Amino acid sequence: FVTLTRYIENDLQISAIRHKEYQEYFITAQTGAPDHFQKNVQALAQTLYALNAVPLSAEVFGVPVENRTRWDEALQSRCCPVMWLEGRKDHSSSLQGFQVWAVSGIAAEPVYLNGQAAGMQYTLDGRRWCRLTGLLPQNIGAGRTEQTESVFHAMEEALAQAGMQFSQVIRTWFYNSEMLQWYDDFNRVRTAFFEKRGIFDQLVPASTGIGCRNGAGAALTAGLLAVDTPDGFSPPAMVPSPLQCPSIEYGSAFSRAVELSSPSVRRLLISGTASIEPGGKSIHFGDMERQIHLTLCVVQAILRSRDMNWSQVSRAIAYFTDPADAPLFQKCLAARGISPFPALLAHTDICRDDLLFELELDALSV
């Protein structure tokens, strides 16, 4: 028996997924000024302590890296590897915040890479999972192609430490600094990596690819989610978009969504989705409101194709090229009769210069 409850406490948006013997929590905070960030981090630390929860992953957006000490000091022993993302062009964005995935009632152990914690491994839904976060290239002074290759190698090395392979990855996240200058080069490296390992003959992961600076000054930082498939369990499955073509048709190697089924819960992981028509072209140039509406329409079609709806969303991240457009997101939700769901708003580039908005989310059927 599993339940999903969404609520707000101490300015934190919390999705609580209660299983019979353990719990999961997606905790989202939208902050503004540095003092608000510190207040929200303190609230996060208190909430994790009260729930006796261990964080599995964390993404921080729009916050200068010098605030990392505030994060570490507040969370202390409850800290986990962090994807630290400073923003699109500068640090003046009002779209600052974080999103954390945490669990209680199960054991989670760190995964180390080169002596540093790179992620967490644990058992959930009867499966073994590995969540890697904040992976960086070994040499940030190398060219962008070399740094991208290095990140993919880091993914494999860290997965090996958890006894897993890249073929077990169901979702990836890539945050590329100055993405618009070299996204085609990134895609060539990813495609070559997938071809060499036979990924196109297996499951192509869902993914998000966003333009955003990281605190390390690297060309990119990345994360992933991998799961095993024990005997008797259904393997993860790629889910097509009813309203968009496969992204591989225009040179971007990811699935529109991936579904993972267990005896107690069905999870749908929807990739970063934007205003792209069925043939693969961007549409509604310069019109943020129409781009948001089309994106919501596409995501809703994926949800409905798996007999899910907006009330089952457990977490989301909405990406904006202009933070001034962020209020339009709630306006568009209201216009479509969609109740607000836990979503972090972030200031980033999108993978095409004519796209203004992108949305990724997870949903659960319990």
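Which residues form one aromatic cluster with Phe-152? The points below take this up along with other features.

1. **The model.** This is a predicted model. Please keep that in mind at every point below.

2. **The aromatic cluster.** Here is the reply to the opening question. Phe-152 shares one aromatic cluster with Phe-166, Phe-174, Trp-182, Tyr-183, Phe-186, Phe-193, Phe-194 and Phe-200. Find these rings in the structure and view them together.

3. **An aromatic pair.** The whole structure holds 27 aromatic pairs. One of them joins Trp-71 and Trp-84. The two rings meet edge-to-face, with 90 degrees between their planes. Their centres are 6.2 Å apart. Trp-71 sits in helix 2 (residues 68-75), while Trp-84 belongs to strand 5 (residues 82-87). The pair thus links distant parts of the chain, 13 residues apart. Are these two Trp residues, Trp-71 and Trp-84, buried or exposed? Both Trp-71 and Trp-84 are buried.

4. **Strand 3 and its cover.** Strand 3 spans residues 23-31. It is mostly covered, with 7 of its 9 residues buried.

5. **Strand 3 and strand 2.** Strand 2 (residues 12-18) runs antiparallel to strand 3, and 6 bridges join them. The two strands form a hairpin, with 4 residues between them. To check the pairing, start at Ile-17: Glu-24 in strand 3 stands opposite.

6. **Strand 3 and strand 6.** Strand 3 also pairs with strand 6 (residues 96-104). How many bridges join strand 3 to strand 6? There are 9, and these strands run antiparallel. Among the partners, Thr-28 is matched with Gln-99 in strand 6. As a reminder, side chains in a regular strand alternate between the two faces of the sheet.

7. **Arginines over rings.** Arg-131 lies over the face of Trp-173, 4.0 Å from the ring centre. Arg-352 lies over the face of Tyr-250, in this case at 4.7 Å from the ring centre.

8. **Thr-208.** This residue is in strand 11 (residues 206-211). Why does Thr-208 count as buried? Thr-208 counts as buried because its relative accessibility is 1%, and the cut-off for buried is under 20%.

9. **What surrounds Thr-208.** The Thr-208 side chain makes a polar contact with the side chain of Arg-171, at 2.9 Å. The Thr-208 side chain makes another with the side chain of Glu-360, at 2.7 Å. Leaving aside residues up to four places away in sequence, Thr-208 touches Arg-171, Thr-172, Trp-173, Phe-174, Ser-271, Gly-272, Tyr-319, Glu-358 and Glu-360. Two names here appear in earlier points. Phe-174 is part of the aromatic cluster, and Trp-173 is the ring under Arg-131.

Note on methods:
Residues numbered from 1 in each chain as written. Predicted model: local features only at pLDDT ≥ 70, side-chain atom pairs only at ≥ 80, totals over all residues. Heavy atoms only, no water. Buried < 20%, exposed > 50% of the residue type's maximum accessible area, 1.4 Å probe, protein only. Pairing = 2+ DSSP bridges. Phe/Tyr/Trp six-rings, centres within 6.5 Å; stacked < 30°, edge-to-face > 60°. Lys NZ or Arg CZ within 6 Å of the ring centre and 35° of its normal. Polar contact = N/O pair within 3.5 Å; in protein donor to acceptor, adjacent residues only side chain to side chain. Contact = heavy atoms within 4.5 Å.
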